[in-house]
Amino acid sequence: MGTALWQTSDTELVDALTAAETRLRQAYAEVLRLMSEVDGRGVATKLGYSNTPALLVHTLRITRNEARARLAQAEDLLTTTTPTGTVVDPVLPHTAEALTRGEVSPEHVDVIRKTLAGLPDL
């Protein structure tokens, strides 16, 4: 076990907090990747769920709104394959890379998605 927190310097404490936040963001990126694969494979219906959000509500114990929001993020950040086999490139690949590195949060992803959705086609 490491040093008790009360024994760490202020700088060490902030560094540890920053590292933990980075890992949390990286784990979130992995969750989105897994959710995208579950959705793309149609796993929910194979397992008897009505759709992917229903599966996520049951297995992850998140709200339906949260499940839908995460799936929407995954759709914009990751390459997906349609049921017909068409590969769809991500809308925000650079944002996906930043999330994977832990440089942006899920909230940042939402702001980026909303901002770019509000811009005219470039």
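**Salt bridges, core and helix packing in a predicted model**

At a relative accessibility of 16%, arginine 25 counts as buried, because buried means under 20%. The model that gives this value is predicted. Arginine 25 pairs with glutamate 21 in a salt bridge. Their closest N and O atoms are 3.0 Å apart. Both residues belong to helix α1. They sit four residues apart, about one turn of the helix. Glutamate 21 has a relative accessibility of 33% and counts as partly exposed. This pair therefore joins a buried arginine to a partly exposed glutamate.

Confidence in the model was examined next. The mean pLDDT of the chain is 94. A score of at least 70 is reached by 98% of the residues. Among the elements of the chain, α3 has the highest mean pLDDT, at 98. Strand β1, residues 80–81, has the lowest, at 85.

The salt bridges come to seven in the count. A second one links arginine 113 to aspartate 76, with the closest N and O atoms 2.7 Å apart. This pair connects distant parts of the chain. Arginine 113 lies in helix α6, residues 106–117. Aspartate 76 lies in helix α4, and 37 residues separate the two. Arginine 113 is partly exposed, at 22% relative accessibility. Aspartate 76 is at 16%, so this residue counts as buried.

A third salt bridge pairs arginine 101 with glutamate 103. The closest N and O atoms here are 2.9 Å apart. Salt bridges with shared partners also join Asp76, Asp110 and Arg113 into one network. Arginine 101 is partly exposed, with a relative accessible area of 42%. Glutamate 103 is likewise partly exposed, at 47%.

The nonpolar interior comes next. The largest nonpolar core holds 17 residues. Leu32, Leu56, Leu77 and Leu99 have the most contacts inside this core. Three elements each give two or more residues to the core: α1 (10–41), α4 (64–77) and α5 (93–101). Leucine 32 shows how the chain comes together here. Beyond its neighbours within four places in sequence, leucine 32 contacts Arg70, Gln73, Ala74, Leu77, Leu78 and Leu99. Two of these partners, Leu77 and Leu99, are also on the list of residues with the most core contacts.

Helix α4 was then considered as a whole. Its 14 residues should span 20 Å at 1.5 Å a residue. The end C-alpha atoms are 20 Å apart, so the expected and actual spans agree. The buried residues of α4 are Ala67, Arg70, Leu71, Gln73, Ala74, Asp76 and Leu77. This list includes charged and polar residues, among them Arg70, Gln73 and Asp76. The buried residues of α4 pack against four helices: α1, α3 (52–60), α5 and α6.

Glutamine 73 is one of the residues of helix α4. Its relative accessible area is 2%, so glutamine 73 is buried. The side chain of glutamine 73 reaches the backbone oxygen of proline 106 at 3.1 Å. Residues up to four places away in sequence aside, glutamine 73 touches Tyr28, Leu32, Pro106, Val109, Asp110 and Arg113. Asp110 and Arg113 are also members of the salt-bridge network. Leu32 is one of the residues with the most contacts inside the largest core.

Helix α3 also has a buried side. Thr52, Pro53, Ala54, Leu55 and Leu56 are buried in this helix. The buried residues of α3 pack against α1, α2 (43–46) and α4. At the start of α3, a side-chain oxygen of asparagine 51 comes to within 2.9 Å of the backbone nitrogen of alanine 54. Arginine 61 follows α3 and has a positive phi, near 55°.

Glutamate 97 is placed in helix α5. This residue is partly exposed, with a relative accessible area of 42%. Glutamate 97 and valine 14 are 83 residues apart along the chain. Their C-alpha atoms are separated by 24 Å.

Terms used
Residues are numbered from 1 along each chain as its sequence is written. This is a predicted model: local features need pLDDT of at least 70, side-chain atom pairs count only at pLDDT 80 or more; totals for chains, interfaces and linings use all residues. Side-chain values use heavy atoms; hydrogens and water are left out. A nonpolar core is a set of buried Ala, Val, Leu, Ile, Met, Phe, Trp, Tyr and Cys residues joined through side-chain atoms within 4.5 Å. Buried means under 20% relative accessible area, exposed over 50%, partly exposed in between (1.4 Å probe, protein chains only). Contact means heavy atoms within 4.5 Å. A salt bridge is a side-chain nitrogen of Lys or Arg within 4 Å of a carboxyl oxygen of Asp or Glu. The expected span of a helix is 1.5 Å times one less than its number of residues. A polar contact is a pair of N or O atoms within 3.5 Å; within protein, one must be able to donate a hydrogen and the other to accept it, and residues adjacent in sequence count only if both atoms are side-chain atoms. pLDDT is the predictor's confidence in each residue, from 0 to 100.
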